[in-house]
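Hi,

Here's the structure I said I'd pass along. Have a look at it first, and my notes on what turned up are underneath.

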Amino acid sequence: MPGAKMRKKSNSRRVNSLPQQPSMASSLACSSRFLLHYRKISVLIFFILVVCLIVVLNTSLRKEGVSRSDVPSNRLYTVEVVNEFPHDPDAFTQGLLYAENDTLFESTGMNGASSVRKVTLQTGKVKAIHRMPYSDFGEGLTLLGDRLIQVTWRQSTGYIYDRHNLSKFEKFRHDMPDGWGLATDGKILYGSDGSSTLYQIDPQTMKVVRKQIVNYQGDEVHRLNELEYVYDEVWANVWMTDCIARISQTDGSVLGWILLPNLREGLLHNLKKQIDVLNGIAWDRDGDRLFVTGKLWPKLYEIKLHPLKTPFNGDIKQMCMPPAFPFS
């Protein structure tokens, strides 16, 4: 039948022509190879772009002289002033501590003006005072039990007072070359002499039992001054700075820095009277309150710490680590 033959020939032509076109499997294989090749090229290009971006940013920062501290922000602290209290503007504060019931003990310096005093926190009024002889320059002060222990400047001597009666005291000698700061954890005493050395002292014999060099990023932290024991750390004012170093009692390394330039700058802006440096740290352990003041400051501040949340663009070593004091 012509119709049947024609259909067969037509089918035959279609069958014979099929091999001339790509099969579905072949197309998929080609597509997969293309996509794989494309992905490899895309990853390579992305990697090259990232590397170029890093190089450009680093070069740009160097050219612009951008200086960023390598201190992690969570190791730097600013302060919030929670309360302000009156403070004797004639007190050359060298030692400060919180006792209890809103009572402070304070050691003041200067020959002819040195004293140990008991002070009411809220009013700044002196409740009791022992005035020291002209030859003594009062320095660091700490409280261990009922004993108020004080060191003096440029001497290897100090005094132990009855906290309930400041007129009752005895003199002692210690092993530090000089007396600057004093603190206690309730078991041993921590002392400073204006250098980078942190001393541990037996409170019974007053003998040095251990020395540590306070350091930060491989450099010594000199001019350690007034001390306080806070949160199982030794905190130290660094003389002639607005910084407090948080020091590990274990190895002497600086765990963090508390930055307080706003306090002194605020006083200078509002006062005509000359003031001296930040000095004096007190901790109310039971109430978890921190207090700071300075030499000849008319105010004592209760502060709260806040970790620095923004990048610090300054130089901590320049700001908080002055050169060694030229002892003579």
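To start with a detail: which residue takes a positive phi near 60 degrees in the hairpin of S12 and S13? That would be Met-206, and this hairpin has six residues between its strands. The strands themselves, S12 (residues 197–201) and S13 (residues 208–213), run antiparallel and are joined by five bridges. If you want one pair to find on screen, Leu-198 has Gln-212 in S13 as its bridge partner.

Before you read too much into any corner of it, remember that this is a predicted model. The protein chain has a mean pLDDT of 84, with 77% of its residues at 70 or more. Two stretches deserve caution. Residues 1–22 have pLDDT below 50, and beyond near neighbours in sequence that stretch makes one contact in the model. Residues 58–70 are also below 50, with nine contacts in the model beyond near neighbours in sequence. Where pLDDT is low, the predicted coordinates shouldn't be read in detail.

Next, the sheet. S6, S7, S8 and S9 form an open, four-stranded sheet in that order, with antiparallel pairing. S6 (138–144) and S9 (165–173) are the edge strands, each pairing on one side only. From one strand to the next, the twist averages 25 degrees. S8 (residues 157–162) and S9 are joined by six bridges, and Asp-162 has Asn-165 in S9 as its bridge partner.

Now the pockets, which may be what you're after. The largest has about 440 Å³ of space. It is lined by 19 residues, and those closest to its centre are Tyr-98, Ala-99, Leu-143, Trp-283 and Arg-285. S6, the edge strand from the sheet above, gives the most to this lining, with three residues. Strands S2 (93–98), S16 (224–230) and S20 (278–284) each supply at least two. By class, the lining has seven nonpolar, five polar and seven charged residues.

The second largest pocket has about 160 Å³ of space. Among the residues lining this one are Phe-92, Phe-137, Trp-153, Trp-180, Trp-239 and Phe-325, along with Glu-139 and Lys-295. Its lining divides into seven nonpolar, two polar and two charged residues.

Shout if you'd like to go through any of this together.

Cheers

Key: Residues numbered from 1 in each chain as written. Predicted model: local features only at pLDDT ≥ 70, side-chain atom pairs only at ≥ 80, totals over all residues. Heavy atoms only, no water. pLDDT = per-residue confidence, 0-100. Contact = heavy atoms within 4.5 Å. Pairing = 2+ DSSP bridges. Axes fitted to C-alpha atoms, helices over the stretch in contact; angles between N-to-C directions. 1 Å grid on protein atoms, 1.4 Å probe; cavity = no way out; pocket = protein on both sides within 12 Å on 5 of 7 lines; lining within 4 Å. Points joined across faces, edges and corners; volume = space filled by probe spheres on them. Nonpolar A, V, L, I, M, F, W, Y, C, P; charged D, E, K, R; others polar.
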